[in-house]
Amino acid sequence: MLEIKNLHVSVDDQEILKGLSLTINKGEVHSIMGPNGSGKSTLAQVLAGRDAYEVTEGEVLFQGKDLLDLAPEERACEGLFLAFQYPVEIPGVANNYLLREALNSIRKYRGEEPLKHIEFTKLANEKMNILNMGDNLLKRAVNEGFSGGEKKRNEIFQMQILEPKMAILDETDSGLDIDALKIVAEGVNSLRSPDRSFLVITHYQRLLNYIVPDYVHVLVEGKIAKSGGKDLALELEDKGYGWVEEEAREAVNN
Amino acid sequence: MPITLSTKDNGYLQGYGKFKDSDGFGKSAWLTSLRDKGLERFAELGFPTQQNEDWRFTNITPIARTDFTLAEKSNGTVDSGTVQNYSIPGLDCTRLVFINGIYSQELSSFTTHPENVKVLSLSEAIGNNEEIIEEHLGRYAGIENEAFTALNTAFMTDGGVIVIPGNTALDTPVHLLYISTGSDSPTLTNPRNLIIAGDNCQGAVIEHYISAGDSVHLSNAVTELVVGENSTISHYMIENEGRKSFNISTLRVQQSRHSNIRSHSVLLGGALVRNNVHPVLAGEGCDSLINGLFMSTARQHMDNFMRVEHASPHCDSTQFYNGVLDGRSRGVFHGRIIVHKDAQKTDAKQTNRNLLLSDTAQIDTKPQLEIYADDVKCTHGATIGQMDENAVFYLRSRGIGAEAARDIILNAFTNETLQSMTIEPVREYCHALVTDWFLKRKEALSQG
């Protein structure tokens, strides 16, 4: 599904990702954990196509295509989705309008007919129930005046509607209470399927109690320092990131 | 014989002398006295300069140094087809058409209004010696510090008069369509509208200024809107004159107890535009919405001068103006809120948001609060910014193309003001004008 090979990324001439490689197969859920400043969010933004980041080396294949060669909207149309760490407020644009435009834009890309208004409303209502959202959230301007939890839930709601092949969740759990976390996790788990992959970026192990990953990777200083199964997350929770950072440094010195 | 007005050699005074002998002047003594006062004051004030704080950001030298001819009916031809082009699709209304500021009965059209409602031209109303005109005309729009209002008062020739007696709902709006045809030399019109609503009334008026030609022209319009107790009146100003035109307009609203006004302005045309909106919330419990959108490009200059006067307790006012500025254009938003001593429990809000689409566009935004009461709530906020590229990226990351994403954000910005226009055909019409503006911008960009 997604193949990242030796990715180097810089922002303002400062290298953030320093040779990151990662392969995510169809149906797999991977989690990337790591301390602040290790490059987690940079990875998410680069994959989504933010142009403030400069890829200096390496390549990313998405379903065999050169992802880095595609515009952000083309990536979305190919089936990539990013749940933003900080969802953007867009005054004056209704949530449901954005979603219908997005969905129909993706459908058009795939050569499908646009969804009729009534069909869309039906779909939106169905998905909203899963996320326990009031339908006033649909009519309100995108993320404007939303609470932190509402914003994150809205990201998952968008994911539910757009049904991507590969979803990247960038610290979707940050700042959520347990109830909200459960709802978000349920929104993700209900989409898990053998055809869909997830990359869950998080700072805390807690989320992984609810979204159980197949693989856990630790990102340290722009590289994956350690990979393992879901137990690795528990170990990190227990011991912190220090020992992985130490191991990584030793590996460099040797 | 055309009457020329010039700031050189006492030209305005001499022109006034000639105007006195013309048919448009009118014979009533009260009107002559009103005009004389207007001219006298104008002669004292002269055109404002930028030393005047109220005109700090707007240089009207291009107006002051132009020799204008008082526009006449005869110059230019406009047929019903032209009028049709500027009608508002789907709007059932009475339309008074003014060509170069002078009423044209042939081109106007009427719907049936409730009994006793009067919709006629100012020239007709003066000709008929309508007493209500004498009672109200010039009573509200001050000339003391307002040179353009003084000038209008001296030279006003025609305009729309709408009188809604108490307990009456004007079910279809009145569309006042001002078409300037221009001529070889610069022309001046002084439209003067008077709208008087009794108690418990409802109604809507649309002032609409357009140019059929592309010549230099000054529309110096004054509208007095008197709103009786418990009445709701909507006023729309659509300014879409030619790129060489000057448009100075003043809306002066006098509100009685529990009255409600909705003022909407959409400014798109003109080289130099000044939009004065001045409601006085004179009775208790009034509500005013002062809503507007201005869009400028090239070297256009658009100045919005708001003066919201709270004179009684428990009144609410909301100013909401959005500006879109492109090219080397310049915008001004000057929002003054005056809360008089007795106007306790005032709730006055002011918001001005500006979107700059080019590096060379400029906006000056200036809130000004004068508060003489001690139990009031006044809030103001202004923003100036470029297109939010984070928002563009967010939309693109959802599958929406870059151009469509930008369109969505621009439309959202303009819709913030358009959405509070309650008459759907007018809102749709304004929306179409805005869409057209964006389309022309795109064409210009694609041609480099």
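Guide: A strand here is a DSSP run of E with at least two residues, numbered from the N terminus. With that in hand, B:Ser358 can be placed in this predicted model: the residue sits in the loop between strand 20 (347–356) and strand 21 (362–371) of chain B.

Visitor: Why does B:Ser358 count as it does, buried, exposed or partly exposed?

Guide: A residue needs 20 or more other C-beta atoms within 10 Å to be buried, and 12 or fewer to be exposed. B:Ser358 has 14 C-beta neighbours inside 10 Å, so B:Ser358 counts as partly exposed.

Visitor: What does B:Ser358 touch, not counting residues up to four places away in sequence?

Guide: B:Ser358 is in contact with B:Asp326 and B:Gly327, where contact means C-beta atoms within 7 Å. A separate C-alpha distance puts B:Gln386 at 8.1 Å from B:Ser358, with their positions 28 residues apart in sequence.

Visitor: What makes chain A as compact as a globular protein of its length?

Guide: Chain A has a radius of gyration of 18 Å, and the globule rule gives 18 Å for 254 residues; the two are close, so chain A is as compact as a globular protein of that length. Its C-alpha atoms fill a box of roughly 65 × 40 × 35 Å along the principal axes. The chain comprises nine helices and 12 strands. By the neighbour count, 43% of the 254 residues of chain A are buried. Of its contacts between residues at least 6 apart in sequence, 70% join residues at least 24 apart.

Visitor: Which residues touch the most other members of the largest nonpolar core?

Guide: They are A:Leu47, A:Phe81, A:Ala83, A:Ile168, B:Phe98 and B:Ile409, in a core of 191 residues. Helix 9 of chain B supplies the largest share of this core, seven residues. Domain 1 (4–283) and domain 2 (391–448) of chain B each give at least three residues to the core. As for A:Leu47, its contacts beyond four places in sequence are A:Val60, A:Leu67, A:Leu80, A:Leu82 and A:Ile168.

Visitor: How many residues does each chain give to the contact between chain B and chain A?

Guide: Chain B gives 18 residues and chain A gives 22. On the chain B side, helix 8 (389–396) and helix 9 (402–418) are the elements that give two or more residues. Helix 9 of chain B has the largest share, with seven residues. By class, this side of chain B holds 10 nonpolar, five polar and three charged residues.

Visitor: Where do the two domains of chain B lie in sequence?

Guide: The domain assignment puts domain 1 at 4–283 and domain 2 at 391–448 of chain B. Their C-alpha centres are 31 Å apart. The contact between them uses 14 residues of domain 1 and nine residues of domain 2. On the domain 1 side, strand 10 (202–211), strand 12 (232–240) and strand 14 (260–267) of chain B give two or more residues, and strand 12 gives the most, four. That side has 10 nonpolar and four polar residues, but no charged ones.

Visitor: What confidence does the predictor give the complex?

Guide: The complex has an ipTM of 0.94 and a pTM of 0.88. For chain B, the average pLDDT is 94, and 99% of the residues score at least 70.

Notes
Residues numbered from 1 in each chain as written. Chains lettered and ligands numbered in written order. Predicted model: local features only at pLDDT ≥ 70, side-chain atom pairs only at ≥ 80, totals over all residues. Domains from an automatic or database assignment. Contact = placed C-beta atoms within 7 Å. Nonpolar A, V, L, I, M, F, W, Y, C, P; charged D, E, K, R; others polar. Rg over C-alpha atoms; globule rule 2.2 N^0.38 Å. Core = buried A, V, L, I, M, F, W, Y, C linked by C-beta atoms within 7 Å. pLDDT = per-residue confidence, 0-100.
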